[in-house]
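Thanks for sending this one over. Here are my notes, written as numbered points so that you can follow along with the model open beside you.

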Amino acid sequence: MHESRTFRTIRFIGLAGLMVFTVTPLYVIVSTAVKPLGDVQNVFHWIPSTITFQAFVDVWSTVPLARYFVNSLIVATCSSVFSVALAVLAAYAISRYTFRGRELFRMAVLSTQMFPGILFLLPLYLIYVNIGQLTGLKLNGNLSGLIITYLTLTLPFSIWMLVGYFNSIPRDLDEAGLVDGASPTRVLWSIVLPAARPGIVAVGIYAFMTSWSEALFASVLTDSASKTLAVGFAEFTTQIAVYWNQIMAASVVVSVPIVAGFLLMQRYLVQGLTAGAVK
Amino acid sequence: MVTPVGTRPAVPAVPRTGRRRGWSPSRRVLPYLLIGPALLFELLVHVIPMLTGVSISFLQLNQFYLRRWLQAPFAGLANYRIAFDLQSEIGLDLLRSVGITLAYSAVVVSVSWLFGIFGATLLQSSVRGRSLLRTFFLIPYALPVFTAVIVWKFMLDHDSGLVNHVLAGTGLGDGNTFWLLGDNAFISMALIGIWRLWPFALLTLMAGLQSIPTEVYEAAEVDGANRWQQFTGLTLPMLRPVNQVLVLVLFLWTFNDFNVPFTLFAGSTPASADLVSVHVYQSSFITWNFGLGSAMSVTLLVFLLVVTSLYIAVTSRRARNA
């Protein structure tokens with residue numbers, strides 16, 4: 001397509017503007033993390049006076065960052081693995097079978113996206129406490145309740161996206177497998193799943209990111225030993241608000257795994273969104 | 001096909017004829033087995049708590065009954081009367097909080113969408129460094145919410161923040177603004193919301209643009225349509241189904257947003273940034289009046305249901321008429 005001079009100018013200015021808006025905070029995170037404490041206590045400096053990695057060392061003893069980190073890692077990993085597994089099964093049923101209640105289930109799952117979290121936070125807390133009193137299975141104040149909660153919170157969007165993805169895989173493939181004598185579970189495992197890998201990866205990233213960042217349920221369902229990063233960080237700022245270099249070092253530590261994972265998988269994410277959400 | 005446990009052969013018999021194996025459930029039962037686990041968790045975490053929440057809203061559940069909440073006395077509509085009473089502080093505060101939340105959603109959704117469509121259209125052309133730009137644009141969305149919020153909190157800091165430093169340096173401001181207090185808190189929160197969410201709009205719209213065949217544009221160009229005419233006459237109508245979902249999702253996310261104000265203000269939210277989920281959270285846990293808190297949440301749910309149904313009805317009708 002022919003590109004006029006005006007278009008090129010607008011494009012340059014537009015992209016540059018978006019780039020400055022996006023990158024400035026990212027630069028601030030990284031540059032502040034390697035500043036000495038003196039650089040962050042008075043006026044803002046663009047360039048660190050010296051580069052030091054002291055903040056990365058100190059941050060582990062200032063707050064129990066390692067514990068928050070491990071808690072978040074356990075919660076996000078378990079909930080996303082279970083969420084993906086359950087979503088795959090449910091989405092396979094919706095995509096490949098007609099059964100009574102299918103539309104009802106689909107609509108009910110989607111409509112849960114509308115629930116304000118605050119509506120079922122209090123009842124959920126009370127239900128977990130009661131389950132604990134009745135069965136001795138403790139679900140509040142530790143990680144298990146949080147895992148169950150997150151895996152459910154991410155299920156609806158995951159099912160929705162995977163149904164779209166499975167629908168885009170030709171049925172002839174499974175039919176051929178069934179004719180060859182494979183069971184439906186075998187067909188799902190060795191024919192549908194490999195073909196749907198991008199969608200499954202996308203859903204897994206979504207579930208992991210959501211659990212990694214969630215603060216509302218974590219603030220009520222955890223105690224000081226089971227606190228996750230999302231809750232730990234909020235108090236972090238009130239406690240040591242002047243140690244900005246340490247806060248930014250901690251931000252780098254907790255962001256790098258997730259951002260790296262996201263960027264490595266972004267191709268899958270775009271494919272997954274295109275098949276699942278857009279079409 | 002029921003086999004008594006004791007008589008089950010050690011090695012499952014595989015029928016030579018027919019495609020089904022011995023342990024494989026029938027076609028009628030299988031879909032229910034597949035959705036079963038998901039359904040179970042949905043019931044436990046979404047459906048039952050929601051129904052419990054609705055029933056709690058009719059109870060006088062305050063700190064006296066918290067330990068034995070099943071015995072809390074029935075209160076009828078009393079909680080709703082308090083929440084809706086615009087003569088009282090509680091009712092007025094709730095209404096104001098809903099208004100602030102709607103304003104926050106409106107600003108964040110519209111600006112995020114504008115940035116998203118602008119960026120997606122510009123990246124659609126073959127500009128150099130396209131994939132690198134896209135990668136950078138997506139980072140704010142990939143960043144955990146709390147780190148995104150905290151870096152802005154530092155940048156907006158009165159004494160050692162970048163924003164005041166730049167404003168004073170360029171002469172655009174006096175460099176003495178408290179960005180996280182008073183009415184400024186709303187602007188700051190909206191700015192952070194946009195920074196975090198516009199990449200999602202970009203991602204979705206880029207996926208949407210990719211599904212428009214290039215021949216359509218080539219045909220339009222032959223007809224002499226300029227870039228702007230192609231955008232309004234072709235791109236926007238073709239993106240309508242994508243936009244319908246995208247705007248709704250962005251609206252629901254921002255309206256129910258808790259993570260951003262929770263991390264930004266850590267418990268002491270200024271009145272101008274009192275988003276409704278934080279408002280209900282604080283009024284429930286400060287006064288321990290869960291009956292009233294539930295009544296407020298149910299009101300929100302009904303409000304969102306009405307808004308969403310209206311939105312879907314209107315946008316779908318317009319799509320049919322188009």
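**Notes on salt bridges and the chain contact**

1. Let me begin with Arg96(B), which has 44% relative accessibility and so counts as partly exposed. Please keep in mind throughout that this is a predicted model.

2. The partner of Arg96(B) is Asp93(B): their side chains meet in a salt bridge, with N to O at 3.8 Å. Asp93(B) is also partly exposed, at 23% relative accessibility. Both residues sit in helix H3 (residues 89-124) of chain B, and because they are three residues apart there, about one helical turn separates them.

3. Over to chain A, where Arg102(A), Glu103(A) and Arg106(A) are linked in a network of salt bridges. Glu103(A) takes part in both of the pairings described here: with Arg102(A), the closest N and O atoms are 3.9 Å apart, and with Arg106(A), they are 3.5 Å apart. If you are checking the 3.9 Å pair, the cut-off for a salt bridge is within 4 Å.

4. How far apart in helix H5 are Glu103(A) and Arg106(A)? They are three residues apart in that helix (residues 102-111) of chain A, which is about one turn.

5. Are the members of this network buried or exposed? Each falls in between: Arg102(A) is partly exposed at 23% relative accessibility, Glu103(A) is partly exposed at 40%, and Arg106(A) is partly exposed at 34%. As general background, side chains of opposite charge can pair when their charged atoms come close.

6. How many salt bridges are there over all chains? The count comes to three. Across the interface of chain A and chain B, however, there are zero. What the interface does have is seven residue pairs in polar contact, with both residues at pLDDT 80 or more.

7. Now for the interface itself. Helix H1 (residues 5-33) gives the most to the side of chain A that touches chain B, contributing 16 residues. By residue type, that side of chain A divides into 69 nonpolar, 23 polar and five charged.

8. The contact draws on 97 residues from chain A and 99 residues from chain B. Between them, the two chains bury about 9400 Å², with 79% of it on carbon and sulfur atoms. Within chain A, the residues that lose the most area to chain B are Phe21(A), Met114(A) and Leu119(A), and together they make up 8% of what that side buries.

Terms used:
Residues numbered from 1 in each chain as written. Chains lettered and ligands numbered in written order. Predicted model: local features only at pLDDT ≥ 70, side-chain atom pairs only at ≥ 80, totals over all residues. Heavy atoms only, no water. Contact = heavy atoms within 4.5 Å. Buried area = accessible area lost by both parts, 1.4 Å probe. Polar contact = N/O pair within 3.5 Å; in protein donor to acceptor, adjacent residues only side chain to side chain. Helix = DSSP H or I, 4+ residues; strand = E, 2+ residues; numbered from the N terminus. Nonpolar A, V, L, I, M, F, W, Y, C, P; charged D, E, K, R; others polar. Buried < 20%, exposed > 50% of the residue type's maximum accessible area, 1.4 Å probe, protein only.
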